[in-house]
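Please look through the structure shown below with the following report at hand. It begins with a single loop residue and then turns to the chain as a whole, its helix packing and its backbone geometry.

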Amino acid sequence: MRRELPARRRDLRVPAFAVAAALVGVAVSTSYSPDGTVLVSPFDLSSELAVLLALPLLWRALFGAPSAGAGGAGRPRLTPWSCVTSAVLALTVFLGRPIDEGGMLRFRSVVFASGMEAYELPGTAGFLAWSLLVLAGDLVLCWCLVRLAFDGLRALAARSRGAVAEKDVEAGGSLAGARRPLGPLAIALVLLVAWLPYLVAWFPGTVTSDQSIQLAQFFGYAGHTMDTHYPFFVAVVFGNLYRLGTLVDPSGWTGILLMTLVQLACALLSLTEVCLWVERLRGRGRAFHLALAFCALFPLIPVYVVSIGKDGVHAFLVALLCLQLYLAATVGRGEAAGPGVRLGADGRVEGGWLFSPWALLANGVLVSLTRNNGVFLVGFGLLVLLLLTRRREVAATLAATLAAFACWTYAVVPACGVEVLGPAEALSLPMQVVAANLHADAELDAGSREVLERSFSVPLDEVAGLYNPLVSDPVKNHVVVGEKDAASVGEFCSVALGLAREHPLTSFVAAARTTMSVYPFTLGTYYLEDKPYFNSPDDAHAALGWFASVDEIPEHVARPLAVAGTMLLKVARTTLPLSVLYTPGTYFWLLVVLLGFALDEGRLRGPTFCAVSPLVMLEAVLVAAPCGSVRYALPLAYSLPLLVLLATDVARAGARAEGARHLRSGAQGAGTADEKAPTRGPQHGSD
């Protein structure tokens, strides 16, 4: 029976809804211009449609019945962690929109456009007042979205309590009559068939710019020398695969095919295991179908199967690492079971090899060596697992992984004659701050100017001209910090910090605009990388002259299937809803919502955080990335099925805890009632 609201509260619903809708309308109708004006267009068609679409969501979030927990008790609408989560997301929109659209945070006036007339609210005070209204609207809208997301997960858990995956299963046991998992071979076959059009259209594969540069270095083509700008391990693997192919086919196409097959095997192993374990833990339900459909149909997955380079391989391995950490923290400790989790004849969990110490060590080393920042992801993830399990084999795995990385980096790489570069790659954020302030003609004292002159290989005036707010590569190519007779890292960062203190808005915009990895409405910086492509043979910096059949590339990329596929991929990346999945900020939002929901449920347990710890570290690394290309966020994208699994895990655990509390309170209430019930004692006057 639906609970009726008091008359006074019912009377306040319409005014409250009107205020919330007005604030959302303010936020939606506001845009930012590079000329320094804030444009408010309340009667713009797109703004009106956005507000109309938001109205039902607002009403449902504000006044809809909360989802019933296991015991039927509704949840409060306002909880501390839902408010914190909403505030984080609202700030990303509030700050990200002016940076993305206007390239600044300080605007001189607010212009209201109404029909043929325009009204201006000049001055800083007007801008600040309107900004507060925009922030309030962003907070309302983000809170409604977060509340509906939390409520939807709880409702899903409550509805599924009677399903097979929700029944009590002993750790390591199985359910009688439950369907066996689909099997790794069947899942791999489904993925392979779904990816087949990409493999055919771009057969035998494509070579990206970064990989072309590295292979040119590996083969010493056109004076290129091997350095540590790219992971040397990737050059060793792909370079020798190409050499092996040329032994069979001097044209080089077989070598390209071998590199593609290695990437294909890596993708199939990683995503097959992800889908397989989602089914084992949750049954063949919505979570499994979503995971399988995403891995099979999301274009960015097969695109980076046929695009030869470190980015796809590393992303597939990171997604597998997150799954390994989750399984080691749950199934490996007997804390999680599902309809497909079974014990083998030896008493061990079937498929348990995936989270064994040897498997963790092997994948940890591969993740560390396939990207220069991979060791941070692996080290943090294994450290969290060690703190959770306190097992010696985990400590040994962590130590062995770090030892293998150190041995390769500090012994093998120099011994192979590879030039060890300075720390310029890790200084993208401070160098953008410096370049932006030079571009804005910021004044420098004599000491700061002397340090900066020793930090670049070109004059400071040229550095100011090279500044690109979206990409740090033009400036980064001239940084000599850490080299002989140059400024040290400490000196350079000290000057950058001083400029940030003196010019905070300019510096913040410069640091944030390079990546925009937390803003969910900005597509990747390099659109070229969202589809398979061959590096241009005319690109002198990344020349493909090392490839024996370089003259055939123009004809190769002009094939009808490749051209048609490129056109379709361009449509996919710019059309809703797929375009949302092409933005790095989307996955930041999903990660924040997952962590906020876990905290709201009191379920940010070790396994949940352990599984996402590499992704949390990746987000920290993305802040200092040289650009906002979606390829840097590929590990986040490929881990989406695991994030869905973790969200349902938190929701189910919360529903079970809610049900247990309800049963305990019911039992206590019944016991109290029994104690208060009158007892029939001996009657006076009876025999």
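## Backbone, burial and helix packing

A222 is exposed, with a relative accessible area of 61%, a value that places this residue in the exposed class because that class begins over 50%. The residue sits in the loop between α6 and α7, and its phi is near 55°, a positive value in a residue other than glycine. The model in which this is seen is a predicted one.

A second residue can be described in similar terms. R390, in the loop between α13 (374-389) and α14 (392-415), has a phi near 55°, which is again positive in a residue other than glycine, and R390 is exposed, with a relative accessible area of 69%. Most residues other than glycine have a negative phi, and most peptide bonds are trans. Against that background, two peptide bonds also deserve attention: the bond from F203 to P204 is cis, with omega near 0°, and the bond from L576 to P577 is likewise cis, with omega near 0°. P204 is found in the loop between α5 (184-201) and β5, while P577 lies in the loop between α22 (560-573) and α23 (578-581).

**The chain and the confidence in it**

The chain has 27 helices and 6 strands, and of its 687 residues 51% count as buried. Among contacts in the chain with a separation of 6 or more, 78% are accounted for by residues 24 or more positions apart.

The mean pLDDT of the chain is 84, and 84% of its residues reach 70 or more. Among the elements, helix α12 (residues 357-369) has the highest mean pLDDT, at 97, and strand β4 (residues 117-122) the lowest, at 66. Over residues 68-73 the pLDDT is below 50, and this stretch has 12 contacts in the model beyond near neighbours in sequence. The pLDDT is also below 50 over residues 161-178, a stretch with 35 contacts beyond near neighbours in sequence. Where pLDDT is low, the predicted coordinates should not be read in detail.

**Helix α6 and its surroundings**

Why can helix α6 be called largely enclosed by the rest of the structure? Of the 10 residues of this helix (residues 209-218), 10 are buried, so α6 is largely enclosed by what surrounds it in the structure. The buried residues are S209, D210, Q211, S212, I213, Q214, L215, A216, Q217 and F218. The elements that cover them include β5 (206-207), α7 (232-248), α8 (253-282), β6 (307-308) and α11 (310-329). Just after α6, G220 takes a positive phi of about 65°.

**Three helix pairs**

Two of the elements that help to cover α6, namely α7 and α8, also pack against each other, at an angle of about 135° and with their axes 7 Å apart. That makes α7 oblique to α8, and the crossing of the two is right-handed. On the α7 side the contact holds F238, L241, Y242, L244 and G245, which meet T254, G255, I256, L258, M259, V262 and Q263 in α8. By class, this contact of α7 with α8 has 8 nonpolar, 4 polar and no charged residues.

The axes of helix α3 (residues 80-102) and helix α24 (residues 584-600) come within 8 Å and cross at roughly 165°, which makes α3 roughly antiparallel to α24. Their crossing is right-handed. From α3, the residues W81, S82, T85, V88, L89, T92 and V93 meet F588, W589, V592, V593, G596, L599 and D600 in α24, and the contact of α3 with α24 has 9 nonpolar, 4 polar and 1 charged residues.

Helix α11, another of the elements that cover α6, pairs with α12, and the axes of α11 and α12 come within 10 Å and cross at roughly 150°. The crossing of α11 and α12 is left-handed. In this pair, H314, L317, V318, L320, L321, Q324, L325 and A328 in α11 meet A359, L360, N363, L366 and V367 in α12, and the residues of the contact divide into 10 nonpolar, 3 polar and no charged.

The geometry of these pairs is set out below.

| Helix pair | Crossing angle | Axis distance |
|---|---|---|
| α7 and α8 | about 135° | 7 Å apart |
| α3 and α24 | roughly 165° | within 8 Å |
| α11 and α12 | roughly 150° | within 10 Å |

Note on methods:
Residues are numbered from 1 along each chain as its sequence is written. This is a predicted model: local features need pLDDT of at least 70, side-chain atom pairs count only at pLDDT 80 or more; totals for chains, interfaces and linings use all residues. Side-chain values use heavy atoms; hydrogens and water are left out. Buried means under 20% relative accessible area, exposed over 50%, partly exposed in between (1.4 Å probe, protein chains only). Helices (H or I, at least four residues) and strands (E, at least two) are DSSP runs, numbered from the N terminus. Contact means heavy atoms within 4.5 Å. pLDDT is the predictor's confidence in each residue, from 0 to 100. Axes are lines fitted to C-alpha atoms, for helices over the stretch in contact, and angles run from 0 to 180 degrees between N-to-C directions. Angles under 35 degrees count as roughly parallel, over 145 as roughly antiparallel, 65 to 115 as roughly perpendicular and the rest as oblique. A crossing is left-handed if the near helix is turned anticlockwise from the far one by less than a right angle, and right-handed if clockwise. Ala, Val, Leu, Ile, Met, Phe, Trp, Tyr, Cys and Pro count as nonpolar, Asp, Glu, Lys and Arg as charged, and the others, Gly among them, as polar.
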